[in-house]
Structure formats: structure tokens, C-alpha cells
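Visitor: I'm new to reading protein models. Could we walk through this one together, a question at a time?

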Amino acid sequence: MSAIPSPAASAPASGHLNKVLGPLQLWGIAVGLVISGEYFGWSYGWNTAGTLGFLVATVLVAAMYTTFIFSFTELSTAIPHAGGPFAYARRAFGPTGGFIAGFATLVEFVFAPPAISLAIGAYLNVQFPSIDPKMLALGAYVVFIALNWVGVNIAATFELFVTLLAIFELLVFMGVVAPGWSMANFVANGWAGGSVLDGKAISGIFASIPFAIWFFLAIEGAAMAAEEARDPHRTIPLAYTTGIVTLVVLAFGVMVFAGGVGDWRQLANINDPLPQAMKAVVGASSGWLHMMVWIGLFGLIASFHGIIMGYSRQIFALARAGYLPGYFAALSPRFNTPHRALVAGGVIGVAAIFSDGWISFGGQTLTANIVTMAVLGAIVMYLISMAALFKLRASEPQLHRPYTAPFYPVFPAIALGLGLVCLGAMVWFNTLLTVLFLVLMALAYIYFRRTAGQRAAAAHDDLLSGND
């Protein structure tokens, strides 16, 4: 039996965040969290599925995310809590449900930033080859943790700025390569390197699902800014519904235009498909290409910065509710931001950065594995969130719902069903990593079971308790 922490230890759990964010800033967070996925990572899906096979996978994943977000918005407006999915599952299924959702969300949001920071480091290393890319990645953590520390309003305004720049650059890319695009290029060998939809192509479609998810991964993180939103019942639906439409249009636009400018197989195994696709059309010396290289950095920065904001709110909310030590629920006395949570996630990320070269698993580098692990955590979180939506509809029909999921129960059922398909594909093609995920969850569950005193001592939260 664990000891109940002292009042001083649990005092930070009563902290509250400032309500300063409007709908445009929330939209910038929702899109910015994801926008790096339009710049890199997704093209590896071509390597297993081909252009046409990956198009099928992306249609399925886009359908899952669209129905998920329209359903998830009901939860985030009814329960505007910094814990996001953790809060919904805690209210629907009790402490254990909150644990599962909280663990899965932490895996997604703490494991994704190291991969993005390494991409930032590698990107800058091209321009500054004398600087170790890992030191550049470390510098990115320092800069953006500091920016989040000094206030959410400043951080969200910066996020909106870099997100708008990143979107502008993607639109420029489509316009510049359009004259060199042809349908013949896009469909050539489009079924996993062949011309027919056969067993190999179908297997490739399912294997490519994690890369299609990369187009949209982490959009749900905007829910973790709900406590900092002005009038969340109005601003969150606006941000989410316009955000998912923005991302769907950009994802298909980028993929289709990049795949039709030449031999797409030359872009299937690289981290910079867009500059290389543009180079095939305008040449290596074009000013458009140089602009793409520099402004493209803002896509990585937007996602990195936004996910840091997301993980800090998740750690803060879990600590405030007693799922993590109350130490991490403290707010900066000067800026009223979760500074300890920001640093905690950063320590894990930096450790991953400097372990990348000497830790491998299943034949892949640590970075490749943590990207896949982040996707696995996300899918688990999506599933329990949709289950929470159904549960709360049944158990709390009187819960104030300023926004209700359209076409209920069809939309959440589609999101749940496609989520199960994605989970099955992830488990099938990443068995060892799935085992590792379950082992980590089991260790976390042991901690959860041994720290009931922390949760008992945490400040009461009406949004989590519901009818408890």
C-alpha cells in the first residue's frame, strides 16, 4: 500500500491554466501539430504499397480521422480538460480507463518529438554541416521548451505563424510542380511496384497504414489546450472541423502532385520527397527549390513546437489527477505554464536523441521505432476515445453537449471500426514493437496500482468525476 503524499506534495494539482486562446489560434495548433507529416515520412508508404496502393490506404485513414475528429469534438467540448483523451476515458470508464488513455496519449506525444527534432537537426545540418545534427536537435528542444514556458499566448501565436507559412509553402509546391505532372507517371507501377491489384499489393496497403496515419497524427492534441481556450464550446468545434478539412486537402494534394512528376520510386525511401519532386520539375538551381528547402523547415518546427505544447498539458493533467507525481502539476509562478511537465518530456526526448545511434530494435534504429510506437499509442487512444463517446451517451444522457457528433452513431462507429483495422495492421507488421508497448503498459500499470494514494489525495475535479 502506497503512502499518501503530504499536502505540500499534492498542492500543485489545484493549478489552473489561463484562458487566452481563440479559434484561429486553436486551428493553428490543430493543423500545426500535424503539418510536418505533409513534408516527410509519408512517402515511405509508397515503398510498400506504391502510389495507388498508398492512395487506398490514405483514403481509409482519412475517413477514419475525419469521422474520428467530428466525433471527438463532442467529447472535447463537453469535457474541456487539459487531459484530453485521458479525461474522457476517466469519466466514462473510471480510473483504469483513464490510465489506459493517459498512457497511450503519453506514448504518442512524448515519443513523436525526438523523431521530429532529429529531422530538424538533419535538415539544418545540410546548411551548417560543421554542427552535429544531434546538437541541433538538442537546441530545438531548448528553444521550444523555453518558448512554451513563457506563455501559451506567445507560443500559440508563434504556432499560428509557422503553420501559415508551412501551408503557404505546400500550396506553392503544388503550383510549381503542376506543369510537370502527369497521370501516367502517378499510376505507373502503382500497385506495390506492379500494374495489378494482387496479394502483394493488398499486403502493401496494410503495411503502409502507419505512413498514411503520419499525414494526420496528433491533430487530437488541440484538445489538450481546451482549458486555455476562450469559450471552448464554440472555439473547439471551429478549430477541429476546419483543421481536419485543411489537412485532408493538403495530404491528398501533396501526395498526388509529388507522385506524378517523374518516377515516384525515386522518392519512396527518402526524408525530403517534396524538394526532390520539385527539383525534377524546375532543376537544382531554381529559386523555388531553395525557398522550398528553407520554408519547409517551418513545417517541422510547427509540429515539434505544437507537440511539446501537447505533451506538457498531458503530463500536467495526469499529475494533477494523481496519475503521475504531483511535482509535475506545478505551474510557473511567473508565466502560469506547466514548466516542470515541459522539462520532463524534454528529458525523455533528449535521451532518445542521444541513444539513437547505439540502440536498435527489430533491425530498425531507435528513431524509426519510436515513430511507430507513437502511432501505436495514438491508435489505442483513438479506440478508447470512441468507446468513451458511446459509453457517455448511455451513462450520462444529460451531459451538456454544445456540439454533438454528426450522424451519430454512424460516424463514431466508422472511426472505431477503421481504428481496429489500423490497429490490426500495426500489430501484424510490428509484432515485436507491440510486445514492447504492452510490456511498457504493464510496468506503468504496476505503478498505477501502487499509487492509489496519489489519486485519493489529488484535488477534486468535476470534469473527471461526472456521476462518480
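Guide: Sure! One term before we start: a residue is called buried when its relative accessible area is under 20%, exposed when that area is over 50%, and partly exposed in between. Also keep in mind that this is a predicted model.

Visitor: Okay, is Phe72 buried or exposed?
Guide: The cut-off for buried is under 20%. Phe72 has a relative accessibility of 0%, so Phe72 counts as buried.

Visitor: How many aromatic pairs are there?
Guide: Two rings of Phe, Tyr or Trp pair if their centres lie within 6.5 Å. Going by that rule, the count is 27.

Visitor: Why is the pair of Trp42 and Trp46 edge-to-face?
Guide: A pair of rings is described by the distance of the centres and the angle of the planes. For Trp42 and Trp46 the centres are 5.0 Å apart. Planes over 60 degrees apart count as edge-to-face. The planes here stand at 90 degrees, so the pair is edge-to-face.

Visitor: Which relative accessibility makes Trp46 count as buried?
Guide: Its partner Trp42 is buried, at 0%. Trp46 counts as buried too, and its relative accessibility is 1%.

Visitor: Back to Phe72: what kind of pair do Phe72 and Tyr88 make?
Guide: Their ring centres lie 5.4 Å apart. Their planes are at 70 degrees, so the pair is edge-to-face.

Visitor: How many residues apart in sequence are the parts that this pair ties together?
Guide: Phe72 belongs to helix H3, residues 44–78, while Tyr88 belongs to helix H4, residues 85–127. Tyr88 is buried, with a relative accessible area of 0%. The pair therefore ties together parts whose separation in sequence is 16 residues.

Visitor: Which residues do ring pairs link into a cluster with Trp42?
Guide: Both pairs we just looked at show up in it, since Trp46, Phe72 and Tyr88 are among the members. The full set linked with Trp42 is Trp46, Phe54, Tyr65, Phe68, Phe72, Tyr88, Phe215, Phe216, Tyr240, Trp264 and Tyr382.

Visitor: Which residue lies over the face of Tyr408?
Guide: Let's start with another case of a charge over a ring: the charged end of Arg340 sits over Tyr327, 4.0 Å from the ring centre. Over Tyr408, at 3.8 Å from the ring centre, you'll find Arg393.

Visitor: Is the peptide bond from Tyr408 to Pro409 cis or trans?
Guide: Most peptide bonds are trans. Pro409 is in the loop between helix H14 (366–395) and helix H15 (410–429). With omega near 5 degrees, the bond from Tyr408 to Pro409 is cis.

Visitor: Is Phe407 buried or exposed?
Guide: Phe407 is in the loop between H14 and H15. Phi of Phe407 is positive, near 60 degrees, and this residue is not a glycine. Relative accessibility of Phe407 is 61%, so Phe407 counts as exposed.

Visitor: Where is Asn189 found?
Guide: Most residues other than glycine have a negative phi. Asn189 has a positive phi of about 55 degrees although it is not a glycine. Asn189 counts as partly exposed, at 29% relative accessibility. Its place is the loop between helix H7 (183–187) and helix H8 (199–207).

Visitor: Which element gives the largest share of the lining of the second largest pocket?
Guide: This pocket holds about 480 Å³ of space. Its lining has 20 residues, and the closest to the centre are Phe103, Leu106, Leu318, Leu324 and Ala444. The elements giving two or more residues are H4, helix H12 (287–320), helix H13 (339–355) and helix H16 (431–450). The largest share, seven residues, comes from H4.

Visitor: How many residues of that pocket's lining are nonpolar?
Guide: Two of the lining residues are polar and one is charged. The nonpolar ones number 17.

Visitor: How many charged residues line the largest cavity?
Guide: The structure has five cavities of 30 Å³ or more, and the largest has about 60 Å³ of space. Its lining includes Leu33, Trp214 and Ile307. Eight lining residues are nonpolar and two are polar, while the charged count is no residues.

Visitor: And which element gives the largest share of the lining of the second largest cavity?
Guide: That cavity has a volume of about 50 Å³. Glu228, Gly306 and Arg313 are among its lining residues, and the lining divides into five nonpolar, three polar and two charged. The largest share, four residues, comes from H12.

Notes: Residues numbered from 1 in each chain as written. Predicted model: local features only at pLDDT ≥ 70, side-chain atom pairs only at ≥ 80, totals over all residues. Heavy atoms only, no water. Phe/Tyr/Trp six-rings, centres within 6.5 Å; stacked < 30°, edge-to-face > 60°. Buried < 20%, exposed > 50% of the residue type's maximum accessible area, 1.4 Å probe, protein only. Lys NZ or Arg CZ within 6 Å of the ring centre and 35° of its normal. 1 Å grid on protein atoms, 1.4 Å probe; cavity = no way out; pocket = protein on both sides within 12 Å on 5 of 7 lines; lining within 4 Å. Points joined across faces, edges and corners; volume = space filled by probe spheres on them. Nonpolar A, V, L, I, M, F, W, Y, C, P; charged D, E, K, R; others polar.
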